[in-house]
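Please go through this structure step by step, from its sheet to the helices packed on that sheet and then to the enclosed spaces.

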Amino acid sequence: MELREKYGRNALVAGASEGIGAAFADYLGSSGMDLILVARRLEPLKNLAGSLKNKYNVGVTCIPCDLSESNSIELLKAELNGMEVDVLVYNAALSFIGPFIKNKVEDHLRQLRLNIITPLEMLHVFGEKMLASGQGAVILMTSLSGFQGSGNLSVYAATKAFARIIGESLWYEWKNKGVDVIACCAGATATPGYINSRPETMGWLNPRVQTPEEVVCECFKYLGKQPSFISGRGNRIASFFMQKVLTRKMAVSIMGDTTRKIYRIRD
Ligand SMILES: NC(=O)c1ccc[n+]([C@@H]2O[C@H](COP(=O)([O-])OP(=O)(O)OC[C@H]3O[C@@H](n4cnc5c(N)ncnc54)[C@H](OP(=O)(O)O)[C@@H]3O)[C@@H](O)[C@H]2O)c1
């Protein structure tokens, strides 16, 4: 069944201007959904909107909004002006790499607002309407770093654990009410954010870096069928090894050591 027929007319992508978010917007547009694109920078949103309108002949609304601000949900509601959100993709995230103590507490708090508080508020506002209408879908982007302690990514990893757990929990609560929820656990994906972080390659230790389009395609394969999934075969094998074969101590140590090497971190 077409996404629009199954879930409704409008899809909001939070963090839509590039990378995985832009790939979600493209996929949803290709299935005939009207799009609401949200990110801080208006220019890249407008460029994407122009190309999606041309390609798919769908309606596109751009909303520039910093989702790490405490009033962002109010601003968003005002901009939407009653427009329904039938599919919510929460993709925006912030990660500060490095020792917990060396990053400012304000930066940690900003990560919590962008990665936890705002998506929670959106889930409540838009989820309530989806449940009332008996149809809708929610996709929460999360990460393999959220499966265990991840030194030098500590707060980011903890926020990603939150995204997975709330996604899986709401999958259970909403599964018989017409609303599909899924937590999409990505591994390394070639987005501008990932490329700009200039990660070192780790040879055989690192699964293949996926494209944003691969992650998004897999996500729609599993939406409605599973509470969460890990994208990419290599990531699934690595995760199986980390979670089911190694001890917790080994898994946390490997994750921390790998992150230190990839980002050339010295204590
Ligand atoms: N790339 C990876 O390797 C990887 C791996 C695992 C999980 N993930 C997850 O996948 C998601 C997307 O990652 P990505 O690499 O595509 O990220 P990205 O390239 O950094 O893009 C993030 C998007 O979010 C927007 N954004 C960032 N801060 C925002 C804010 N404060 N308010 C509103 N919008 C904001 C950005 O646009 P503006 O700058 O214009 O705001 C951009 O459109 C994240 O949730 C991440 O945790 C990524």
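Two strands are said to pair here if DSSP finds at least two bridges between them. The model is a predicted one. With that rule for pairing, seven strands form an open sheet. Their order is S3-S2-S1-S4-S5-S6-S7, and the pairing is parallel. At the edges stand strand S3 (60-64) and strand S7 (228-230), each of which pairs on one side only. From one strand to the next, the twist averages 15 degrees.

Begin at the S7 edge. Strand S6, residues 179-186, runs parallel to S7, and three bridges join the two. Within S7, serine 228 stands opposite alanine 183.

At the other edge, threonine 61 is found in strand S3. Is threonine 61 buried, partly exposed or exposed? Its relative accessibility is 27%, so threonine 61 counts as partly exposed; the buried class is kept for values under 20%, and the exposed class for values over 50%. Apart from neighbours within four places in sequence, threonine 61 is in contact with Leu35, Ile36, Leu37 and Met83. Valine 38 lies 23 residues from threonine 61 in sequence, and the two C-alpha atoms are 8.6 Å apart in space.

Asparagine 10 has its place in strand S1. Asparagine 10 counts as buried because its relative accessibility is 10%, and the cut-off for buried is under 20%. Leaving out neighbours within four places in sequence, the contacts of asparagine 10 are Met33, Asp34, Ile36, Met83, Glu84, Val85, Asp86 and Val87.

Two helices can be placed against this part of the sheet. Helix H3, residues 42-56, lies across strand S2 (34-39) and S3, and runs at about 175 degrees to S3. Helix H4, residues 72-80, lies across strand S1 (10-14), S2 and S3, with an angle of about 150 degrees to S3.

The enclosed spaces come next. Rolling a probe the size of a water molecule over the atoms shows where empty space is left. How many cavities of 30 Å³ or more are there? The count comes to two.

The largest cavity has a volume of about 90 Å³. The elements that give two or more residues to its lining are helix H5 (105-133), strand S5 (136-143) and helix H6 (154-174). H6 gives the most, with four residues. The lining of the largest cavity is made up of Tyr90, Asn91, Ala92, Asn115, Pro119, Leu140, Met141, Lys160, Phe162, Ala163 and Ile166. By class, eight of these residues are nonpolar, two are polar and one is charged.

The second largest cavity has a volume of about 30 Å³. H5 and H6 are the elements that give two or more residues to the lining of this cavity. Its lining residues are Phe96, Gly98, Phe100, Asn103, His108, Gln111, Asn152, Leu153, Ser154 and Val155. Here the division is four nonpolar, six polar and no charged residues.

To bring the parts together: the open sheet has seven strands with parallel pairing. S3 and S7 are its edge strands. Helices H5 and H6 each give two or more residues to the lining of the largest cavity, and H5 and H6 do so for the second largest cavity as well.

Note on methods: Residues are numbered from 1 along each chain as its sequence is written. This is a predicted model: local features need pLDDT of at least 70, side-chain atom pairs count only at pLDDT 80 or more; totals for chains, interfaces and linings use all residues. Side-chain values use heavy atoms; hydrogens and water are left out. On a 1 Å grid over the protein atoms alone, a cavity is a set of points where a 1.4 Å probe fits but cannot get out, and a pocket is an open set with protein on both sides within 12 Å along at least five of seven lines; lining residues have an atom within 4 Å of a point. Grid points are joined across faces, edges and corners, and a volume is the space filled by probe spheres set on the points. Ala, Val, Leu, Ile, Met, Phe, Trp, Tyr, Cys and Pro count as nonpolar, Asp, Glu, Lys and Arg as charged, and the others, Gly among them, as polar. Axes are lines fitted to C-alpha atoms, for helices over the stretch in contact, and angles run from 0 to 180 degrees between N-to-C directions. Contact means heavy atoms within 4.5 Å. Buried means under 20% relative accessible area, exposed over 50%, partly exposed in between (1.4 Å probe, protein chains only).
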